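Colleague: I am new to reading protein models, and I would like a close look at a single part of this one. Could you pick a strand and walk me through its surroundings, step by step?

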Amino acid sequence: MKVSLLVTVYNAEKVLPLTLESIEKQDYPDLEVVIVDGASTDGTVGCIEEFAARTAAGSGLSVRWISEPDNGLYDAMNKAYRMSGGDVIAVCNDRLCGPSAVSRLVEALERGGPRCVGAHADLVYVEGERVIRKWHMGEGSIAQGWMPGHPTLFLRRAVYEKYGLYDTTYRCAADYEFMVRFLKEKDIELAYVPEVLVAMFYGGTSNAGLKNYLVSFREGYAALRKNGVAHPLLITLRRTLRVLLQFTMKVPDSG
């Protein structure tokens, strides 16, 4: 199966090389990288050009990219999907942990059976090289306030074809609403790899401060109501409790 990794960036010259380096090290043989840049004004485009030139010289990766204004992260993610051609789709705006990260998730997906539409794993939050939080995703249900970590989620293309793309009216929780859309279905399953396969750069759209988290809370509740999920407030409170419990599990300083 061909895997498309969707990379969406804006003024990300400090972290983009880390993402692209981790992608370049992957051992999966059929990998496509789609990069959508929102018309960055720093050195981001130069990083992309260097990566595209290097991979064209014989790395085996297929690279497509554009740099143009967009209407935010979720608009960029939709653009990247439309440019992609993979059988499996993953948003990859962070760092893959180890050269077999993609292979491990694809293998889990293939072993999952006919009801399995994707695979996910554990992740860590990082600041630079320092791990500040570990995030054990485990398995569960929407009703329990559980949701897979979107940065680790590999999905069959058929999911996007059936359920649609990211709703750009959401500021912080379009990824959550997108996942609710298909995970509410009883005949759908995800494979779980109980390993840390993604290092997430701390300070993303939904975790960058209290104000954004409150927006995410409100939008998460709205996403459940929009998709007809029963007891949306209770589920949102359960989800919040899960997040708070995970965030209390800081990794102690090694020094």
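Modeller: Happy to help; what follows is a tour that starts from one strand and moves outward. Please keep in mind that this is a predicted model.

Let us start with strand β2, which spans residues 31-37. How many of its residues are buried? Seven of its seven residues are, and the strand is mostly covered. Look along the strand and you will see side chains pointing in opposite ways. Leu 31, Val 33, Ile 35 and Asp 37 point one way, while Glu 32, Val 34 and Val 36 point the other way, and all of these are buried.

Now look at what lies beside β2. Strand β1, residues 3-9, is joined to β2 by seven bridges, and the two run parallel. To find one place where they meet, look for Leu 6, which stands opposite Val 34 in β2. Strand β3, residues 62-67, is joined to β2 by six bridges, and this pair also runs parallel. Here you can look for Val 36, which has Ile 66 of β3 standing opposite.

How does the chain get from β1 to β2? Helix α1, residues 16-24, belongs with them: β1, α1 and β2 make a right-handed β-α-β unit. Which residues of α1 are buried? They are Leu 16, Thr 19, Leu 20, Ser 22 and Ile 23. Seen down the axis of α1, these buried residues fall within an arc of 160°, so they line one face of the helix. A general point helps here: an α-helix has 3.6 residues a turn, so residues three or four places apart point the same way. As for partners, the buried residues of α1 pack against β1 and β2, and also against α2 (44-56), β5 (95-96) and β9 (189-201).

The loop between β1 and α1 deserves a stop, and Asn 11 is found there. This residue has a positive phi of about 45° although it is not a glycine. Is Asn 11 buried, exposed or partly exposed? With 31% relative accessibility, Asn 11 counts as partly exposed.

Step back into β1 and you meet Thr 8, which has its place in that strand. Thr 8 is buried, because its relative accessible area is 9% and the cut-off for buried is under 20%. What does Thr 8 touch? Leaving aside neighbours within four places in sequence, Thr 8 is in contact with Val 36, Leu 73, Ala 76, Met 77, Ala 80 and Asn 93. You have met one of these already: Val 36 is one of the residues of β2. For a sense of scale, Thr 8 and Leu 105 are 97 residues apart in sequence and 21 Å apart in space, C-alpha to C-alpha.

Leu 105 takes us to helix α4, residues 101-111, where Leu 105 is among the buried residues. The others listed as buried in α4 are Ala 101, Val 102, Ser 103, Val 106, Ala 108 and Leu 109. Just after α4, Gly 113 takes a positive phi of about 95°.

Asn 93, another contact of Thr 8, leads to an enclosed space. The structure holds two cavities of 30 Å³ or more, and the largest has a volume of about 50 Å³. Asn 93 helps to line this largest cavity, and the lining also includes Leu 5, Cys 92, Pro 151, Phe 154 and Val 198. Strands β4 (88-91) and β5 each supply at least two residues of that lining.

Strand β9, one of the elements that the buried face of α1 packs against, brings us to a pocket as well. β9 gives the largest share of the lining of the second largest pocket, namely three residues. About 310 Å³ of space lies in this pocket. Of the 17 residues that line the second largest pocket, the closest to its centre are Gly 140, Ser 141, Trp 146, Leu 183 and Ile 188.

Here is the route in brief, should you wish to retrace it. Begin at β2, with its seven buried residues, then find β1 and β3 beside it. Next, follow α1 as part of the β-α-β unit, and finish with Thr 8 and its contacts.

Key:
Residues are numbered from 1 along each chain as its sequence is written. This is a predicted model: local features need pLDDT of at least 70, side-chain atom pairs count only at pLDDT 80 or more; totals for chains, interfaces and linings use all residues. Side-chain values use heavy atoms; hydrogens and water are left out. Buried means under 20% relative accessible area, exposed over 50%, partly exposed in between (1.4 Å probe, protein chains only). Helices (H or I, at least four residues) and strands (E, at least two) are DSSP runs, numbered from the N terminus. Two strands pair if DSSP finds at least two bridges between them. A crossover is right-handed if, with the strands pointing away from the viewer, the path from the first strand over the helix to the second runs clockwise. The arc is that of the directions from the helix axis to the C-beta atoms. Contact means heavy atoms within 4.5 Å. On a 1 Å grid over the protein atoms alone, a cavity is a set of points where a 1.4 Å probe fits but cannot get out, and a pocket is an open set with protein on both sides within 12 Å along at least five of seven lines; lining residues have an atom within 4 Å of a point. Grid points are joined across faces, edges and corners, and a volume is the space filled by probe spheres set on the points.
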